[in-house]
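Visitor: I would like to go through this model term by term. Please set each label against its cut-off.

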Amino acid sequence: MHGQSGQGPLSLIFAKGVRPDADCLVDLAAQATELGQEPGIGFAVSHRPPGDEGWLELLAMGLTFDCRGLAPATAKAVPPAGQLFGLIQPIVGEAIELAPGPHLGQVSALLPVVRVLCGLGATLAALPGVLAVCWGPAKSWMEPNYFIQAIRTWLAGGAFPALGLASLERDSNGVLSSLGLDFLIGQELRFEPDSSLPLATATRIAVRLIHQMAEGGAMISATELIGPNGEALLAVPFNDGRQLRVMRRR
């Protein structure tokens with residue numbers, strides 16, 4: 001799997017001056033103690049260093065996560081601008097971030113770990129002053145309730161949040177590509193410009209495939225597919241399997 005080091009994958013952007021401190025998260029932990037409790041999952045504080053260090057270790061579903069950038073320490077860097085979901089413009093504020101604990105190492109991008117991370121993020125996203133939630137691997141910025149609802153649905157057995165934990169971007173040549181799948185499965189989608197496959201149709205196909213691949217893994221050989229309107233499609237891995245080209249079957 002292809003987890004990232006450095007900046008944590010999940011950031012919460014707060015209005016300036018209202019980032020939570022350690023006491024705030026200790027209080028929140030006392031209120032959220034079991035899976036399925038709205039809006040995300042319960043957690044406990046498993047390690048609390050001196051407050052001026054600005055971080056806590058949080059325990060959720062048997063896994064530990066580092067929460068950094070807490071007040072009164074310096075905020076974490078705000079992620080770069082990217083796709084907006086439920087927002088009309090980029091948000092200016094201060095960030096805290098969540099990342100799998102160091103002991104998770106190379107399994108930090110496994111889907112069960114990501115589910116717990118996002119469930120914990122949904123719990124924190126309900127804190128006062130949260131303006132946006134950012135998922136770094138997809139460069140996506142989400143309105144807090146958009147993120148909470150998407151993760152709540154996923155935790156309840158619904159669809160993987162294909163537009164949020166992944167995103168779609170179109171370059172100047174008309175190529176439509178996914179962003180964020182590589183973090184989970186080591187492969188991204190790619191749709192070349194094709195007059196017989198309109199952008200709206202390619203987008204619907206991409207969302208469906210993101211959900212399928214996030215749950216089932218990368219496609220390692222050429223695969224025939226059927227699109228949402230009965231389109232005959234072919235998905236072919238290339239670039240050493242790191243990309244999956246999707247096209248109409250001729």
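Guide: What follows takes the sheets, the helices and some loop residues in turn. This is a predicted model, where local features need pLDDT of at least 70, side-chain atom pairs count only at pLDDT 80 or more, and totals for chains, interfaces and linings use all residues. Residues are numbered from 1 along each chain as its sequence is written, and side-chain values use heavy atoms, with hydrogens and water left out.

Visitor: What makes S13 and S14 a pair of strands?

Guide: Strands here are DSSP runs of E, at least two residues long, and helices are runs of H or I, at least four, both numbered from the N terminus. Two strands pair if DSSP finds at least two bridges between them. Six bridges join S13 (residues 232-238) to S14 (residues 243-248), so the pair qualifies. The two run antiparallel. Ala235 stands opposite Val246 in S14.

Visitor: How do you know that S10 and S11 pair?

Guide: DSSP finds two bridges between them, in the antiparallel sense. The definition asks for at least two, so they pair. Leu176 stands opposite Phe191 in S11. S11 is also joined to S14, by three bridges, and these strands run parallel. There, Arg190 has Arg245 as its bridge partner.

Visitor: Why is the pairing in the six-stranded sheet called mixed?

Guide: Strands of a sheet pair through backbone hydrogen bonds, either parallel or antiparallel. S11 and S14 run parallel, whereas S13 and S14 run antiparallel. The order is S9-S10-S11-S14-S13-S12, and the sheet is open. S9 (167-170) and S12 (223-226) are its edge strands, each pairing on one side only. The twist averages 30° from one strand to the next, with axes fitted as lines to C-alpha atoms (for helices over the stretch in contact) and angles running from 0 to 180 degrees between N-to-C directions.

Visitor: What makes S2 and S5 edge strands in the eight-stranded sheet?

Guide: The order there is S2-S3-S4-S6-S1-S7-S8-S5, in an open sheet with mixed pairing. S2 (44-47) and S5 (83-85) each have a single partner strand, so one side of each is left without a neighbour in the sheet. Inside this sheet, S1 and S6 (residues 94-100) pair in the antiparallel sense over five bridges. Leu98 in S6 is the bridge partner of Leu10.

Visitor: How do you know that the span of H5 agrees with its length?

Guide: The expected span is 1.5 Å times one less than the number of residues. For the 18 residues of H5 that gives 26 Å, and the end C-alpha atoms are 25 Å apart, which agrees. H5 lies across S9, S10, S11, S12, S13 and S14, at about 160° to S11. Gly217 follows H5, with a positive phi near 100°.

Visitor: Why are Phe147 and Trp154 of H3 called buried?

Guide: Buried means under 20% relative accessible area, exposed over 50%, and partly exposed in between (1.4 Å probe, protein chains only). Phe147 and Trp154 are among the buried residues of H3, along with Pro144, Ile148 and Ile151. They fall within an arc of 135° seen down the axis, so they line one face of H3. The arc is that of the directions from the helix axis to the C-beta atoms. Their packing partners are S1, H2, S7, S8 and H5.

Visitor: What makes Asn239 partly exposed, but Asp240 exposed?

Guide: Asn239 has a relative accessible area of 44%, so it falls in the partly exposed range. Asp240 reaches 80%, so it counts as exposed. Asn239 lies in the loop between S13 and S14, and Asp240 lies there too. Phi is positive, near 55°, in Asn239 and also near 55° in Asp240. Most residues other than glycine have a negative phi, and most peptide bonds are trans.

Visitor: Why is the link between Gln243 and Asn239 called a polar contact?

Guide: A polar contact is a pair of N or O atoms within 3.5 Å; within protein, one must be able to donate a hydrogen and the other to accept it, and residues adjacent in sequence count only if both atoms are side-chain atoms. The side chains of Gln243 and Asn239 meet at 3.4 Å, so the distance qualifies.

Terms used. Contact means heavy atoms within 4.5 Å.
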